[in-house]
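Please open the structure in your viewer and keep the selection tool at hand, as each stop on this tour begins with something to select.

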Amino acid sequence: MSRWTIESRSNAVDAILCRAPVLPVLAIERIADAVPLARALFDNGLPVLEITLRSAIAVQAIALLVRELPDAIIGAGTVLDPDQLDQVVAAGAAFAIAPGCTSRLYAAASDAPIPFIPAIASASELMIGLEHGHRRFKFFPAAYAGGIGALKSFAGPFGDVRFCPTGGIDASSAGQYLAQPNVITVGGSWMAPAALVNSGDWAAIGALAAGCANLYGD
């Protein structure tokens with residue numbers, strides 16, 4: 001039997017994703033960047049961070065950030081299978097996000113001690129997620145899977161579902177997504193562009209983060 005109910009899972013996800021209008025999606029390539037990058041975002045109003053498993057040091061970075069920034073909410077993204085889910089749980093991640101989902105991953109998530117957010121790109125994938133007791137999803141890749149029009153279409157038949165759209169969203173479009181009643185927050189990486197990370201310009205990243213923290217639905 002799952003350790004989660006529909007209500008407890010939804011409440012746990014909402015408690016995380018409702019903290020800020022934007023969820024930074026970060027691919028950390030150098031461990032030395034992890035803490036100053038995360039601190040620049042956290043100090044400027046973005047307390048929830050998704051560290052994607054797209055680099056060899058991602059799990060190490062999650063563990064480091066959990067230790068060094070205890071007030072931040074550090075989660076893992078690009079979780080593809082149960083083994084990776086176990087790894088990020090062991091590293092101390094507060095939540096896990098996938099770019100899609102499989103039956104094996106849904107099964108593993110049902111027993112995981114942290115909330116899991118699967119991604120969907122279609123109504124059929126959404127219905128499979130509903131069968132597994134989920135009501136909160138990443139909508140990915142949002143801009144290429146129907147964008148705001150798709151979210152509006154989902155709202156009719158899936159009235160109790162809420163989303164974190166991610167993929168192809170930037171500062172110019174984020175407000176339009178946030179204006180949708182079924183959107184909790186939006187994910188993106190525009191507040192931490194690679195050029196600024198590589199140059200260590202944490203002040204500039206902080207300024208971009210502050211702009212994200214003040215975003216509201218247009």
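The tour goes from a sheet to the helices across it, then to aromatic rings, and ends at one more helix.

This is a predicted model, in which local features need pLDDT of at least 70 and side-chain atom pairs count only at pLDDT 80 or more, while totals for chains, interfaces and linings use all residues. Residues are numbered from 1 along each chain as its sequence is written, and side-chain values use heavy atoms, with hydrogens and water left out.

**The sheet.** Select β6, β7 and β8, which form an open sheet of three strands in the order β6-β7-β8 with parallel pairing; strands are DSSP runs of E with at least two residues, helices are runs of H or I with at least four, and both are numbered from the N terminus. Two strands pair if DSSP finds at least two bridges between them. Because β6 (119-120) and β8 stand at the edges with a single partner strand each, one side of each is left without a neighbour in the sheet. Four bridges join β7 to β8, and arginine 136 stands opposite arginine 162 in β8.

**The helices across it.** Add α6, which lies across β6, β7 and β8 and runs at about 155° to β7, and then α7 (residues 147-155), which also lies across β6, β7 and β8, at about 155° to β7. Axes here are lines fitted to C-alpha atoms, for helices over the stretch in contact (heavy atoms within 4.5 Å), and angles run from 0 to 180 degrees between N-to-C directions.

**The aromatic rings.** Now select Phe137, Phe139, Phe154, Phe158 and Phe163, which form one aromatic cluster. Rings of Phe, Tyr and Trp (its six-membered ring) pair if their centres lie within 6.5 Å, and planes under 30 degrees apart count as stacked, over 60 as edge-to-face and the rest as tilted; by this rule there are five aromatic pairs. The ring centres of phenylalanine 137 and phenylalanine 163 are 6.5 Å apart and their planes stand at 35°, so the pair is tilted. This pair links strand β7 with strand β8 (residues 162-165), across 26 residues.

**Helix α5.** Finally, select α5 (residues 103-111), whose buried residues (under 20% relative accessible area, 1.4 Å probe, protein chains only) are Leu105, Tyr106, Ala109 and Ser110. Seen down the axis, they fall within an arc of 145°, taken from the directions from the helix axis to the C-beta atoms, so they line one face of the helix. The face turned away carries Ser103 and Arg104, which are exposed (over 50%).
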